[in-house]
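Here are my notes on this structure, set out as numbered points for you to check against the coordinates.

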Amino acid sequence: MRQLFILCVVMLLPFTSQATPILAGDTATILMVGDSRPDNPNNVFAELRLEALSTTEIQFTFDLLDSFESEDAGLTPPYYHSGAKLDAFYFNLDGELSQFSFSDFQPAGWLMNELDSPTCTVGGTAKGSGKACFAFEADKPNPGNAVEDVTVSTDLIFTVTKDSAWVIEDFTDAPLGVSNDDAAGPGGIFGAHVQALDLSCNVITSFDDDQDSDCSDSAFIYGGGLEFTTVSIDPDPDPISEPAHLALFSLALIGMGVGVRRRRQQ
């Protein structure tokens, strides 16, 4: 029976110049966290789940963690904000923006905006991020439209279709969105502005106990940062086994847990 091992993509990339395909059934789970800025609530967590529906389609699921999901993710105590809602979800991909199209939004009515130029490095427009640069923004339409909120009980789901086959480098070569505030940390490929956080600002809400009564009720969280991980498969005695670096599909912040799974036909 094949065994799975976690490796670092950056260790493997120098040994191959060939793009690594993402195959139908590949999945990844990225833990998104924040906000480490002193005036913003900390201990905000979400999961981003990616599933390749085909070689050209990947389904994104953004899930604000509730108490049970927070505990399942290994957070102790199980941090969550019961009234939290998603204001906007952001991400970067490598390549031309025109390569990607978007469909099957849930809740219905959410839409995708092209935001900052792929060459943007400073002065981005992602809401609440401190001017981090992101190419894509999933958002509700203008106020006044009856569109369901994304909350701890309602996930944001949509499909991204590429005009050619997905490869892991579409993610690993994507630029990081980085705040102009050093306290926000190294940034990430994925980001989200979360509002209506229900922790009281007159109590400690930060891991490092540095928040005060002036903190905001919103936060910006990141995922898919500086470390890229992969699943490799032990070679079988069969000489037609998969290369050790095949089946790459996972992104995570340094020190955060990552779940990866490939559905394989027997």
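1. C133 has a relative accessible area of 5%, and because buried means under 20%, C133 counts as buried. The model is a predicted one, and this should be kept in mind in reading each of the points that follow.

2. C133 is joined to C120 by a disulfide, with an S to S distance of 1.9 Å, and a search of the whole structure finds 1 disulfide. The link of C120 and C133 is left-handed, with -45 degrees about the S-S bond. Both C120 and C133 lie in the loop between β7 (111-114) and β8 (136-139), so the pair ties together parts that are 13 residues apart in sequence. C120, at 18% relative accessibility, counts as buried.

3. The loop between β7 and β8 also supplies a charged partner to strand β8, where D139 is placed, and the two parts that are linked, D139 and K127, are 12 residues apart. D139 and K127 form a salt bridge in which the closest N and O atoms are 3.1 Å apart. D139 is buried, at 11% relative accessibility, whereas K127, at 29%, is partly exposed.

4. The count of salt bridges comes to 8, and a network of them links E47, R49, D63 and D155. Within this network, the side chains of D63 and R49 meet at 3.2 Å, N to O; D63 lies in strand β4 (residues 57-64) and R49 in strand β3, so this pair ties together parts that are 14 residues apart in sequence. R49 also forms a salt bridge with D155, the closest N and O atoms being 3.5 Å apart. Because R49 lies in strand β3 and D155 in the loop between β8 and β9 (156-162), that pair ties together parts that are 106 residues apart in sequence.

5. How buried or exposed are the members D63, R49 and D155? D63 is buried, at 1% relative accessibility, while R49 is partly exposed, with a relative accessible area of 28%, and D155 is likewise partly exposed, at 24%.

6. The largest nonpolar core has 42 residues, and those with the most contacts inside it are F60, F62, F89, F91, F158 and F190. Strand β3 (residues 44-52) gives the most to this core, with 5 residues. A second, separate core has 7 residues, among them A88, Y90, A126 and A132. Leaving aside neighbours within four places in sequence, F89 is in contact with a set of residues that includes F60, F62, F158 and F190, together with M32, L48, F136 and L156.

7. V44 is placed in strand β3 and counts as buried, at 2% relative accessibility. Residues up to four places away in sequence not being counted, V44 touches M32, V33, G34, H81, V194, L197, A219 and I221. Of these, H81 is 37 residues from V44 in sequence, yet the C-alpha to C-alpha separation in space is 7.3 Å.

8. S218 lies in the loop between β10 (190-195) and β11 (219-223), and with a relative accessible area of 13% S218 is buried. Its side chain makes a polar contact of 3.4 Å with the side chain of H193. Beyond neighbours within four places in sequence, S218 is in contact with N40, P41, H193, V194, Q195 and L197; V194 and L197 are also among the residues that V44 touches.

Methods
Residues numbered from 1 in each chain as written. Predicted model: local features only at pLDDT ≥ 70, side-chain atom pairs only at ≥ 80, totals over all residues. Heavy atoms only, no water. Core = buried A, V, L, I, M, F, W, Y, C linked by side-chain atoms within 4.5 Å. Buried < 20%, exposed > 50% of the residue type's maximum accessible area, 1.4 Å probe, protein only. Helix = DSSP H or I, 4+ residues; strand = E, 2+ residues; numbered from the N terminus. Contact = heavy atoms within 4.5 Å. Polar contact = N/O pair within 3.5 Å; in protein donor to acceptor, adjacent residues only side chain to side chain. Disulfide = S-S within 2.5 Å. Salt bridge = Lys/Arg side-chain N within 4 Å of Asp/Glu carboxyl O.
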